[in-house]
Amino acid sequence: MELCDLTLHEIKDLFAQKEVLPSLVMASVVKRIEEVEEKLGAYLALDLEAAMAAARAADERIKAGRALGPLDGIPVAIKDNLCQAGRESTCASRILQGFVPPYTATAVQKLLEQGALVPGRTNMDEFAMGSSTENSAFKPAKNPWDPERVPGGSSGGSAAAVAAGEAIAALGSDTGGSIRQPAAFCGVTGLKPTYGLVSRYGLVAFASSFDQIGPLAKDAEDCALMLAAIAGYDPLDSTSVRNGQVDYPKELEREVAGRTIGLPREYFGEGLDPEVRRLIMAAVAHLEELGVRVVELSLKLTEYALPVYYLISSAEASSNLARYDGIRYGRAAAGREDLAAYYTRTRAEGFGPEVKRRIMLGTYALSAGYYEAYYQKAQQVRTLICREFEEAFRVVDAIVTPTSPTLPFRLGERLADPLAMYLSDVCTVPVNIAGLPAVSVPCGFAQGLPVGMQIIGRPFAEATILNLAHQYQKVTVHHRARPYGRRRGEQNEV
Amino acid sequence: MRVSEEEVRRVAELARLAFSEAELRQLAGEFNRILEAFAKLNEVDTTGVPPTAHVLKVKNRFRADQVRPSLPRAEALGNANAVKDGSFVAPLIME
Amino acid sequence: MKFEAVIGLEVHAELSTASKIFCACATKYGAEANTQTCPVCLGLPGTLPVLNEKAVEYCIRAGLALNCRIADFSKLDRKNYFYPDLPKAYQISQYDLPLCRDGFLTLASGKRIGITRIHIEEDAGKLMHSPEGEGFSLVDYNRAGVPLIEIVTAPDLATPEEAVEFLEKLRRILIYLGISDCKMEEGSLRCDANISLKPAGAETLGTKTELKNINSFKALGRALAYEIERQAELLAEGKTVKQETRKWEEAKQRTLSLRSKEDTQDYRYFPDPDLVPVELDQAYVAAIAASLPELPEAKKRRLIEEYKLPEYDADLLTGSRHLADFFEAVLKDYCNPKAASNFIMGELFRLMGEEGLAPEALALNPAHLADILRRIDQGELSVSQGKKVFEKAFRTGASPAEIIAAEGLRQISDEASLRTVVTQVLAAHPQSVNDYLNGKTKVAQFLTGQVMRETKGQANPQLIKELLEEELAKLRP
Ligand SMILES: [Mg+2]
Ligand SMILES: [Zn+2]
């Protein structure tokens with residue numbers, strides 16, 4: 001049992017009791033990184049010396065009883081698509097190799113101001129496009145529970161780092177499930193906040209109307225602490241929301257008896273791994289024991305979510321990624337003799353195949369003659385999907401589904417077939433389409449691999465879903481399993 | 001709706017991407033499979049349904065017309081591949 | 001066959017906000033390359049735009065002044081195309097829901113020119129060709145993100161003259177509104193023109209060409225005239241006009257094909273997900289309407305009616321809101337409008353021309369001009385003295401009283417002392433007196449000059465004339 005395997009709130013309490021200092025925790029994280037990082041590839045860049053120096057500064061604050069907040073002295077890994085001033089920020093893309101932004105993403109800035117330590121920048125699918133972190137231009141990340149398998153994606157590096165104790169918590173981004181699906185695959189808790197709750201300023205855009213930054217952590221309580229640190233209105237992001245400050249950690253302790261959750265039929269049908277189903281239903285039974293009312297419901301438009309998501313997100317991506325032209329930043333092709341050729345070579349050399357595929361799909365969906373049939377049609381169905389969720393939330397307080405229909409798959413297994421890969425996101429994309437908050441909670445193991453349950457809430461009802469997750473975690477142990485350094489007296493449920 | 005290789009080539013040009021002949025063929029195949037799967041959307045009756053570009057109900061987000069310091073020029077140019085006389089370097093533009 | 005031209009204009013005006021449309025960088029013209037840029041206007045990854053409220057307000061001002069309907073719901077869209085001066089490879093603009101639409105501007109003839117739409121968008125950076133033979137271009141993003149309004153007219157203009165008049169009137173209005181300085185030479189006012197020909201009286205439109213690179217009012221007239229001739233020749237020969245974009249070549253005074261329609265871009269417009277909709281309530285629009293200044297046409301009509309000025313004077317004076325304001329400020333302390341107008345159109349215009357001074361830069365105190373005009377009317381200053389004092393006041397800002405005192409310019413209108421001088425002069429020049437009395441009345445001029453010399457030019461010339469005549473009459477045998 002190592003310090004790096006503790007939760008954020010456990011470490012925070014140890015700090016408060018002055019039993020442990022940040023530099024000790026950081027040292028534990030560094031040691032774990034030295035042991036497992038080569039095997040896992042969770043990080044693209046490490047910054048351990050700076051983090052250690054910051055840890056020593058945090059030591060002084062903790063010793064003096066002047067902690068900047070619950071995150072002071074906590075090692076938090078940052079996904080490589082969140083800009084950090086003075087740090088190479090590549091989005092795991094060759095085209096951004098060498099790019100060092102002169103500004104820091106608002107969410108990261110908030111963490112730094114509260115004393116968080118950043119051990120490094122985590123691996124991801126290039127530009128967050130993917131569900132396995134195999135689309136990283138530099139190296140794939142591996143699942144700490146089974147390095148033959150993917151950690152999920154696109155925040156696979158963040159999820160693997162937290163699960164393995166290479167960080168205490170991490171920031172990820174979720175455009176179509178990129179926090180929740182890797183959280184499920186790696187056995188950690190991951191929260192995708194309501195669209196607009198966390199500023200997107202400094203998050204390299206993939207699909208602007210879906211992207212949200214959120215935490216990956218060891219349990220719901222840690223997610224609440226992280227969310228409290230990063231949520232809030234930012235004048236630099238027109239789509240960030242002025243929402244009355246909610247005390248997320250405090251809301252965790254509410255009673256859940258009397259709450260109603262809905263199980264949408266469409267998420268439990270064909271394609272759902274029976275073992276996943278079994279574990280989700282067991283978790284639902286646990287919730288029922290806590291006094292939660294369970295109802296079945298139908299979200300008929302679920303089957304349209306995938307095309308809606310891929311058309312809109314690719315369209316937005318095709319525009320967001322047009323700026324990578326080799327003139328102001330990033331990698332450029334050699335030779336400047338001809339403008340169009342320069343652009344084309346720079347982009348053809350700089351982007352990986354999945355990114356190109358989405359740019360192509362998105363360009364097509366927006367191009368003259370196809371806009372109405374694809375992009376606009378998708379935006380209209382999006383309206384209907386939003387309405388369907390609204391209707392459902394008249395009846396239920398939360399919706400419970402599997403996070404992923406399958407167990408973590410093997411590296412390479414779905415690479416050849418983009419459609420099969422897209423199906424990994426079938427349970428998570430509807431949430432982004434409607435901009436809802438959702439959390440993935442570990443709910444057991446099958447074949448030694450973690451399974452996640454997704455709890456979806458009403459807009460800005462993070463407190464509600466974290467409350468459910470926390471109360472569930474109070475009576476279960478799945479979230480306490482660690483791939484390395486198991487707790488004394490505790491066995492992983494395999 | 002079948003997408004031809006020719007069409008894929010046109011889209012690639014529009015997106016400033018380039019593919020080999022083999023890649024183009026493969027991409028056209030993938031496009032067709034993806035779009036065929038996505039044709040499912042046509043089952044949904046969207047007559048009179050407004051499109052959703054924003055899930056938020058937020059509107060009128062403005063900033064006051066106030067000047068703040070710009071980046072020092074060295075920082076503005078700091079990530080460029082090529083710089084000359086305080087400017088970014090781009091391929092030669094005729095016209 | 002006789003042809004009629006069908007012309008529409010697309011005008012871009014840079015708004016004179018202090019900061020850019022989506023970031024806080026300054027918009028000052030002429031700064032060193034890339035010193036007015038930031039992560040947002042450089043389009044660095046992860047940055048987001050936030051709309052400048054003044055840009056919206058200014059666009060609505062333009063819309064109201066041009067009789068447009070102001071949208072209650074509007075949004076911003078992305079116009080996607082690759083070009084090195086466009087940092088994000090898309091321009092944030094407005095596509096199907098512009099802030100203003102369906103307005104008009106009336107020409108002197110009474111003809112209404114429809115304004116199809118006015119929208120806001122961001123300007124692009126500036127490309128400079130590197131020194132000969134180096135094989136690359138340089139990019140300066142200072143201008144990237146400067147707010148623009150794009151004003152699109154209906155194809156209601158029939159001649160190059162109408163087009164030029166329209167643009168001049170439009171320019172005057174935008175300057176009056178205080179929303180743009182409209183300097184074509186600095187690119188803060190830019191104009192493209194669409195033009196096609198059709199047989200006289202025909203309903204259907206011909207194929208149009210789009211003219212770019214029009215850098216002055218003169219160039220607009222010439223480019224259109226050239227294009228009318230070129231298209232007419234083609235049609236007369238039974239050939240067809242190609243739909244294309246053509247560039248006006250100032251040096252050669254001709255248009256040249258730039259690209260044909262087949263190469264036109266597919267801009268893939270779609271709503272910008274980074275910016276939320278703009279919803280304007282009526283009270284907000286009404287408040288802007290109430291704050292609009294008097295516009296050039298209205299001001300001109302009022303000057304004619306209120307001050308009985310000739311149309312010519314009123315037109316010149318309302319050429320600039322500052323000038324018209326100056327004129328009216330002069331009239332606060334001085335009650336002869338025509339005399340004030342004459343002095344402004346003569347002396348003030350001359351001095352401003354010499355100094356290359358724009359009306360907006362005029363620092364002259366209108367009360368000073370009123371003072372000078374009053375002193376002239378009261379005979380305290382001669383007209384030429386008045387002009388002299390005015391020039392001093394114009395150049396130094398000193399008050400007429402100070403200048404008159406310093407220069408000793410006071411006009412002697414004291415009859416008794418002047419009469420003494422006159423009699424002295426007559427006594428000193430008996431030969432001239434004789435000549436005068438013998439009918440050579442021209443010598444009066446010489447005698448006047450002598451009086452002036454004795455009084456160091458300060459005598460009231462009218463009074464000298466009267467006194468000379470009186471004293472000479474006394475000497476008549
Ligand atoms: Mg425009
Ligand atoms: Zn800027």
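These legends describe close-up views of a predicted model.

**View 1. The zinc site of chain C.**
Four cysteines hold the zinc ion (ligand 2). They are C:C23, C:C25, C:C38 and C:C41, each binding through its SG atom. The coordination distances run from 2.3 to 2.4 Å. Along the sequence, these donor residues follow the spacing C-x1-C-x12-C-x2-C. C:C23 and C:C41 stand 18 residues apart, and the pair links distant parts of the chain. Both sit in the loop between β1 (3-14) and β2 (51-52) of chain C. C:C23 is buried. C:C41 is buried as well.

**View 2. Geometry around the zinc ion.**
What arrangement do the four donor atoms around the zinc ion (ligand 2) make? The arrangement is tetrahedral, because the angles they subtend are 101 to 117° and four donors count as tetrahedral if all angles lie between 85 and 135 degrees. For reference, the ideal angle for four tetrahedral donors is 109.5 degrees.

**View 3. The magnesium site of chain C.**
Three residues coordinate the magnesium ion (ligand 1): C:H12, C:E121 and C:E150. C:H12 binds through NE2. C:E121 and C:E150 each bind through OE. The distances are 1.9 to 2.4 Å. The donors are spaced H-x108-E-x28-E along the chain. C:E121 belongs to strand β8 (residues 112-122) of chain C, and C:E150 to strand β11 (residues 147-153) of chain C. These two glutamates are 29 residues apart, and the pair links distant parts of the chain.

**View 4. The two glutamates at the magnesium ion.**
Are C:E121 and C:E150 buried or exposed? C:E121 has 3% relative accessibility, so it counts as buried. C:E150 has 9% relative accessibility, so it too counts as buried. The cut-off for buried is under 20%.

**View 5. The contact of chain A with chain B.**
Chain A brings 68 residues to this contact, and chain B brings 49 residues. Together they bury about 5,100 Å². Carbon and sulfur atoms account for 67% of that area. On the side of chain A, A:R336, A:M360 and A:Y364 supply 14% of the area buried against chain B, more than any other three residues. Three salt bridges are counted between the two chains. One of them joins A:D417 and B:R33, with N to O at 3.4 Å.

**View 6. The contact of chain A with chain C.**
Here 39 residues come from chain A and 31 residues from chain C. The buried area is about 2,800 Å². Carbon and sulfur atoms give 60% of it. Which three residues of chain A supply more of its buried area against chain C than any other three? They are A:S238, A:R323 and A:R328, with 22%. One salt bridge is found across this interface. C:D274 and A:R200 form a salt bridge, with their closest N and O atoms 3.1 Å apart.

**View 7. Helix α5 of chain A.**
This helix spans residues 156-164 and is mostly covered. How many of its nine residues are buried? The count is nine of nine. Among them are A:G156, A:S158, A:V162 and A:A164. Just after the helix, A:G165 takes a positive phi of about 80°.

**View 8. The domains of chain C.**
Chain C is divided into domain 1 (3-285), domain 2 (294-407) and domain 3 (415-474). The C-alpha centres of domain 2 and domain 3 of chain C lie 34 Å apart.

Definitions and conventions:
Residues are numbered from 1 along each chain as its sequence is written. Chains are lettered from A and ligands numbered from 1 in the order in which they are written. This is a predicted model: local features need pLDDT of at least 70, side-chain atom pairs count only at pLDDT 80 or more; totals for chains, interfaces and linings use all residues. Side-chain values use heavy atoms; hydrogens and water are left out. Domain bounds come from an automatic or database domain assignment. Donors are N, O and S atoms within 2.8 Å of the metal (3.2 Å for Na, K and Ca); water is not among the atoms, so sites may look incomplete. Four donors count as tetrahedral if all angles lie between 85 and 135 degrees; four count as square planar and six as octahedral if opposite donors are over 155 degrees apart and all others between 65 and 115; anything else is irregular. Helices (H or I, at least four residues) and strands (E, at least two) are DSSP runs, numbered from the N terminus. Buried means under 20% relative accessible area, exposed over 50%, partly exposed in between (1.4 Å probe, protein chains only). Contact means heavy atoms within 4.5 Å. Buried area is the accessible area (1.4 Å probe) that two parts lose on being put together, summed over both. A salt bridge is a side-chain nitrogen of Lys or Arg within 4 Å of a carboxyl oxygen of Asp or Glu.
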